[in-house]
Amino acid sequence: MSLKVNGHDHQIDADPDTPLLYVLREELKLNAAKFGCGLGQCGSCTVMVDGKAVLSCVTPLLLLEGRQVTTLEGLGTIDAPAPIQRAFMEEQAAQCGYCIAGIMMRAQALLQKNPKPTDEQIRAELHPNLCRCGTHMRILRAVHRAARLMDSAALSSTTQGSAQ
Amino acid sequence: MTKPKIVIGIVAGLLIGGAVAAFAVAWRPAISAIEPPAPQSFDANLVKRGRDLAAIGNCNDCHTVRGGKAFAGGLAVPTPFGAIYSSNITPDPQTGIGLWSEAAFRRAMRSGVDRTGHHLYPTFPYDHFTNVSDEDDRALYAFLMTRQGVHAPARANELAFPLDQRFVVAGWKLLFLRRETYKPDATQSAEWNRGAYLVEGLAHCGACHTPRNALGAERLSATFSGGDVDNWHAYAINARSLSPVPWDTEALFHYLRQGWDKDHGVARGPMAEVVSNLSSVQESDVHAIAVYMTSVFGPPGQDRLRKADEVRAQIKSPPSQTTPSNVAGASIYAAACATCHETERPLPYGGINLALSTALSAPDPRNAANIIISGIQPVEGERSPIMPGFGSSMTDVQISALLNYLRGRFSNQPGWTDVERTVQDARRMQTVFLGIQPGPHNAPGGPTQRD
Amino acid sequence: MNGPVILDRRRVLAGSGALIVSFSLPDAFAQERETQAPAPKPPGSLAKAPYLDSWIRIDADGTITVFTGKAEIGQGMKTAVQQIAAEELDVSFASLKLVTADTSRTANEGYTSGSNSMKESGTAIQITAAQVRELLIAEAARRLNVGAENLKVENGAVVAPDGQRLGYGDLVANDMLHVQAQAKSKLKDPATYKVMGQAVPRVDIPAKVTGGAAYIQDMRLPGMVHARVVRPPSYGAELIECDISAVEKLPGVVKVIRNGNFLAVVAAREFQAIKAMGTLSAAAKWRERPGLPKQDDLLRVLTSLPSQDSTIFEHNDPSAAGQKTIEATYTRPYQSHGSIGPSCAIARLVDGAMTVWTHTQGVYPDRAGIAEMLRMPPEGVRLIHVEGSGCYGHNGADDAAADAALIARELPGVPVRVQWMREQEHGWEPFGPAMVTRLKASLDAGGMIAAWNFEVWSNTHSMRPGGAGSMLAAQHMAQPIAVPPPKPIPLPEGGGDRNAIPIYKFPNAHVVHHFIPAMPVRVSAMRALGAYHNVFSIESFMDELAGLAGADPVEFRLKHLDDPRGRDVIEKAAQGFGWQKGQKAPADRGFGFAFARYKNLAAYCAIASEVEVNRETGRPRLVRAVAAVDSGQVVNPDGLINQIEGAILQSMSWTLYEAVTFDDTRITSIDWQTYPILRFDAVPEKIDVHVINRPGLAFLGSGETGQGPAAASIANAIANATGKRLRDLPLTRKRIKDAIDA
């Protein structure tokens with residue numbers, strides 16, 4: 001079946017009951033979404049579907065016909081990082097880093113729907129995601145930072161627009 | 001006298017008489033404020049007793065909002081007439097009940113009137129609490145007055161005129177407030193009577209599990225036949241119960257005490273807080289409730305027992321079936337649900353075999369939709385069931401197809417209607433529900449729970 | 001290490017200006033060497049690999065590669081080591097290449113564990129880099145016929161006064177670096193550091209936040225197949241029946257392996273392997289035997305199992321008389337590493353040579369074990385470390401490597417990837433051992449501790465190196481290799497007795513270690529080892545004694561502590577927190593304090609915390625924590641702060657929530673439902689970490705220094721908030737509620 005990932009259409013040759021996680025990692029060779037439990041309990045596999053955070057380890061392929069999947073790779077690259085990626089790098093918000101991609105995707109989905117979340121809201125939103133190294137404080141700082149970066153990016157683009 | 005004058009006179013008389021009667025019905029005197037009593041003045045055992053009773057009464061559930069302090073109120077209780085906010089029942093003098101005497105508290109419980117004489121909306125279920133004994137009211141009072149006072153002014157209710165005028169509640173009470181709906185039954189055991197007293201009174205099970213009339217009062221001809229709370233359906237818990245496996249005392253006791261039962265599943269939704277509270281009170285009280293409710297359920301008929309056997313057989317050797325009309329739902333179930341719901345992992349951590357699910361036999365798909373959309377969240381730091389939510393990964397169409405499939409496969413009831421609309425509503429209301437409910441403070445107990 | 005060890009706090013001498021460092025410096029065994037033979041042992045891992053080119057290689061084109069035998073486990077080791085090398089070689093940080101643990105390329109530095117990476121590898125690389133720099137200068141001096149003192153180094157070249165530049169690549173000739181490290185090194189003056197001591201961003205983070213390949217789980221080799229192991233349902237279970245024919249016919253299945261109790265399936269694609277694993281598991285019939293103790297009875301179980309008892313510390317002063325005495329017993333359950341990424345490994349057998357990519361902490365010892373299991377010579381096996389998720393000690397990594405090798409042997413030429421499932425990681429990893437401590441102490445008339453008794457009961461905290469017998473594949477295969485007998489880790493590092501000897505000065509002190517060989521539950525090293533529980537016990541008890549003396553907890557500790565660096569961290573943490581003698585926490589809140597020096601020889605850490613306890617539910621909430629840490633010369637301050645923040649949160653999770661559960665046969669805590677850990681809803685409002693930098697002093701390991709003090713600090717805050725002392729870990733909501741209600 002056809003699957004749209006990070007803006008590109010892919011022909012996927014996997015059984016329809018295959019969880020999205022394995023399609024992303026094995027077929028499409030994408031690394032960010034990770035296997036942490038396969039049970040929907042830890043959030044390491046989080047990606048976005050139609051802009052909403054989704055646990056890809058419990059999302060079978062057959063649910064995704066005609067929908068947009070976004071992974072961390074689709075947000076930006078090392079050379080051109082998205083605000084959330086910049087924020088996490090600037091805050092050095094990782095220890096082993098295994099949980100981070102899933103957390104960033106959930107945070108990204110939050111910021112797309114609520115650009116100015118409170119600390120409470122961020123904590124509540126990240127509840128499904130585990131971090132064993134204890135990087136939580138930095139992760140929260142990074143999400144706040146990403147919100148500010150996205151805000152100033154939006155501001156500068158409107159300023160540019162009106163300066164014409 | 002001329003006729004018009006007589007008519008006017010009679011009408012005037014009636015109006016004045018009516019107004020006086022209405023006044024007599026609606027008006028209640030204020031009870032004098034008292035100095036907030038010192039917490040040390042209450043006997044410790046009385047306070048302990050009050051704590052247990054408050055847990056049975058589920059007081060903290062309504063009177064606490066997520067992120068707020070215990071008993072400080074502020075929870076929006078949705079009613080067909082608008083949202084009503086729970087009040088602050090901490091002993092704060094300005095915004096709580098710090099100035100209330102025990103008599104004032106008892107009056108509130110008995111007849112739904114606050115200290116200043118205003119009627120309380122029956123979202124506060126005094127139609128049940130009216131059955132609570134003086135002794136128990138005393139213990140509850142002692143418990144509440146020894147909590148931490150929190151300054152939290154009441155939030156204005158969102159009711160349209162004239163319902164926002166409290167005196168109209170007097171009319172409601174006239175029609176619907178019965179005194180002593182609980183009467184002891186000498187032909188029953190002491191335990192049964194204890195259970196009846198708790199259920200009809202403090203535990204106010206009927207407040208959720210009984211259907212209500214247009215004026216929001218319980219339909220006493222249909223007690224325990226099923227009700228609604230926060231966009232969840234509170235199942236029928238009498239002879240009209242639709243659970244695939246009938247309830248018995250042991251199952252009820254285990255469910256209420258531990259928060260789950262092997263043949264019925266885990267208590268979630270609004271029931272989660274109830275069983276969380278019941279896990280902390282005396283076992284004998286929970287058992288008494290189970291005993292009484294067993295008689296409310298009544299012994300299951302032959303038909304139900306036969307159906308229960310069929311269910312058990314189906315679990316042992318599930319038939320495979322895909323009729324063309326539910327291929328979509330079937331494949332969603334097989335791919336997304338079966339990996340957890342068809343393992344042998346026992347409850348409360350394994351997904352319940354859906355042949356046992358009451359939600360799928362319920363009159364409408366709300367509960368099933370709620371769970372599919374939001375999953376089940378763990379309780380902080382405790383061994384807890386976790387189910388991922390599928391609200392973001394499934395569209396309304398997909399969830400509806402799944403629900404229809406589950407209904408067809410796992411229940412003998414006729415198909416649901418308006419499923420997609422229910423799903424849309426569920427999405428919206430679950431977000432609200434999860435955002436404001438304080439949530440259970442502990443998790444369903446497992447057989448090897450340490451604590 | 002047979003007799004009692006009397007600790008003598010060695011002060012490390014540091015001069016200013018150019019540091020001349022001799023071998024007797026930054027090493028725990030320094031004291032020993034002084035009294036022994038004349039030939040000094042090179043410090044750190046130079047002792048095992050004294051040749052400079054084991055650590056640094058310079059190619060003719062000027063490319064510099066640094067080799068470390070340690071592994072990046074998320075602690076920022078790669079970055080720190082690269083900083084050290086860049087500093088001493090005087091080259092830009094970004095210009096260096098780094099190779100980590102690989103049995104074919106790097107020195108044997110044992111395990112990346114015990115917070116020893118900076119001490120062992122960092123030290124070796126620092127000295128090597130400094131000596132390489134001097135050799136290059138000397139060579140340039142020779143060629144230019146100029147005095148070495150007139151030359152300077154800049155950007156990978158030696159520069160003469162007249163501006164002539166000789167690049168490092170040009171200077172390096174033949175085996176110039178194949179010389180042993182000298183006894184003396186000219187280390188740079190910390191005051192001139194450009195890279196060391198700076199918060200250089202971690203080299204591995206960019207890939208991790210942009211989906212770059214960063215973990216073993218991301219490796220994809222051509223022709224790679226996917227394997228899943230079907231583990232037995234419990235320890236000692238025997239496979240009595242398994243019809244594999246149906247599984248062999250499943251789509252994509254390449255092979256089914258049944259080797260004794262070792263059962264595995266290999267498929268072309270990953271999800272096929274997972275489905276086949278399910279079918280294979282259903283087809284397997286096991287005979288299990290109950291053998292697990294009662295999980296609620298561990299106090300009695302541990303204190304009644306046979307043990308090897310030794311007095312590890314003794315000090316007597318009969319003139320100090322105690323008047324008031326108290327006793328307490330503290331317990332810790334088995335706890336799990338809980339790595340977020342279940343273990344993974346890839347193995348390939350080509351022409352009789354086995355290569356295994358693994359996230360093991362010890363490529364050399366693991367290689368020895370795998371070679372033994374396969375009956376191959378060690379030279380025929382190569383282990384390459386590839387980063388996994390945080391392991392926090394001995395988790396399933398080594399076992400996964402053995403699994404992959406055992407399976408790969410059946411599929412020569414094919415890379416075999418083994419990925420453990422969540423339930424397997426939770427059920428089969430070697431846990432942190434359950435422990436019991438019994439303390440008794442008395443105060444003299446002046447409120448000072450006159451006598452101190454400490455006993456600790458524990459299994460070994462390390463089943464490695466254990467050869468093949470410590471790996472599941474070898475234990476389960478048809479001709480199994482027996483689990484080796486456990487051995488205690490000798491002091492001063494210690495295992496169950498790590499940090500059992502108090503750092504405080506007591507006139508009378510008696511410390512006993514009851515080493516329990518029998519291991520009904522599989523155990524091994526978990527971050528901080530015995531220090532977590534021992535520090536929890538000591539620091540809880542210090543508070544209990546302070547309470548008995550009517551003394552402020554911080555002041556009480558300072559009164560018993562000589563070590564000036566320890567005193568500094570205590571004062572710093574207290575000051576940062578706003579700790580006031582005689583303070584009163586707000587309603588329902590409590591303040592707690594704790595301090596320890598990890599292993600009594602690594603980093604110092606003090607933590608003050610504020611905890612709120614909900615009296616209705618018993619739920620504790622860490623509101624804020626303030627820590628102070630002294631790690632000697634700081635290499636990367638941000639990395640250090642990251643580690644301490646992490647230690648506090650990880651320890652909070654262990655301390656408030658975690659216990660492995662089991663019935664009489666099986667481990668029952670097999671996923672995140674049944675083994676809950678910290679989630680974002682319980683994260684505190686604020687954590688502050690104050691770093692006390694000690695320029696020029698030895699690197700002190702900091703990866704495990706926070707866990708013990710964090711536990712005790714939280715426990716002390718709970719006691720302060722509720723007036724009730726809890727001594728049995730974890731300090732759950734229910735236990736706190738029951739204590740409040742009692």
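**Figure 1. Helices α8(B) and α12(B) are roughly perpendicular to each other.** This view, like every view here, shows a predicted model. Since angles from 65 to 115 degrees count as roughly perpendicular, the angle of about 90° between helix α8 (residues 190-200) and helix α12 (residues 283-297) of chain B belongs to that class. The axes of the two helices are 7 Å apart. On the α8(B) side, look for B:Glu191, B:Trp192, B:Arg194, B:Gly195, B:Ala196, B:Leu198 and B:Val199. Facing them from α12(B) are B:Asp285, B:Ala288, B:Ile289, B:Val291, B:Tyr292, B:Met293 and B:Ser295. Sorted by class, this contact holds nine nonpolar, two polar and three charged residues.

**Figure 2. B:Asn231 has a positive phi.** Stay in chain B and find the loop between β3 (227-229) and β4 (232-234), where B:Asn231 is located. The phi of B:Asn231 is about 60°, although this residue is not a glycine.

**Figure 3. Helices α2(C) and α3(C) pack against each other in chain C.** Here helix α2 (residues 77-89) meets helix α3 (residues 117-144) at an angle of about 25°, and their axes are 8 Å apart. The two helices are therefore roughly parallel to each other, and their crossing is right-handed. From α2(C), the contact uses C:Met77, C:Ala80, C:Val81, C:Ile84, C:Ala85, C:Glu88 and C:Leu89. The residues contributed by α3(C) include C:Ser117, C:Met118, C:Ser121, C:Gly122, C:Ile125 and C:Arg133. By class, the contact is made up of 11 nonpolar, four polar and two charged residues.

**Figure 4. An open sheet in chain C has three strands.** Trace the strands in the order β2-β3-β4, and note that their pairing is mixed. At the edges are β2 (56-58) and β4 (96-99), each of which pairs on one side only. From one strand to the next, the twist averages 25°. Strands β2(C) and β3(C) (residues 64-67) run antiparallel and are joined by three bridges. To see one pair of residues, start at C:Ile56, whose bridge partner in β3(C) is C:Val66. Helix α2(C), familiar from the previous figure, lies across β2, β3 and β4 of chain C. Its direction is at about 135° to β4(C).

**Figure 5. Two cis peptide bonds precede prolines in chain C.** One of these bonds runs from C:Leu491 to C:Pro492, with omega near 10°. To find C:Pro492, look in the loop between α12 (472-476) and β22 (508-515) of chain C. Another cis bond joins C:Leu729 and C:Pro730, with an omega of about -10°. C:Pro730 sits in the loop between α17 (707-722) and α18 (733-741) of chain C.

**Figure 6. An open sheet in chain A has five strands.** Its strand order is β2-β1-β5-β3-β4, with mixed pairing. The edges belong to β2 (8-11) and β4 (52-55), each pairing on one side only. The twist averages 40° from one strand to the next. Strands β1 (residues 2-5) and β5 (residues 68-70) of chain A run parallel, with two bridges between them. Along this pairing, A:Val5 stands opposite A:Val69 of β5(A). Helix α3(A) packs on the sheet, where it touches β3 (46-49) and β4 of chain A. The direction of α3(A) makes about 30° with that of β3(A).

**Figure 7. Chain C touches both chain A and chain B.** Between chains A and C, 47 residues of chain A are in contact with 48 residues of chain C. On the chain A side, α1 (20-27), α2 (83-90), α3 (100-113) and α5 (136-162) each supply at least two residues. That side of chain A divides into 24 nonpolar, 17 polar and six charged residues. Where chains B and C meet, 16 residues of chain B contact 23 residues of chain C. The chain B side has five nonpolar, six polar and five charged residues.

**Figure 8. Chain C contains 18 helices and 26 strands.** Why is chain C described as being as compact as a globular protein of its length? The radius of gyration of chain C is 27 Å, close to the 27 Å that the globule rule gives for 742 residues, so chain C matches a globular protein of that length in compactness. Taken along the principal axes, its C-alpha atoms fill a box of roughly 80 × 75 × 50 Å.

Note on methods:
Residues are numbered from 1 along each chain as its sequence is written. Chains are lettered from A and ligands numbered from 1 in the order in which they are written. This is a predicted model: local features need pLDDT of at least 70, side-chain atom pairs count only at pLDDT 80 or more; totals for chains, interfaces and linings use all residues. Two residues are in contact if their C-beta atoms, placed from the backbone, lie within 7 Å. Helices (H or I, at least four residues) and strands (E, at least two) are DSSP runs, numbered from the N terminus. Ala, Val, Leu, Ile, Met, Phe, Trp, Tyr, Cys and Pro count as nonpolar, Asp, Glu, Lys and Arg as charged, and the others, Gly among them, as polar. Axes are lines fitted to C-alpha atoms, for helices over the stretch in contact, and angles run from 0 to 180 degrees between N-to-C directions. Angles under 35 degrees count as roughly parallel, over 145 as roughly antiparallel, 65 to 115 as roughly perpendicular and the rest as oblique. A crossing is left-handed if the near helix is turned anticlockwise from the far one by less than a right angle, and right-handed if clockwise. Two strands pair if DSSP finds at least two bridges between them. The radius of gyration is taken over C-alpha atoms; the globule rule is 2.2 Å times the number of residues to the power 0.38.
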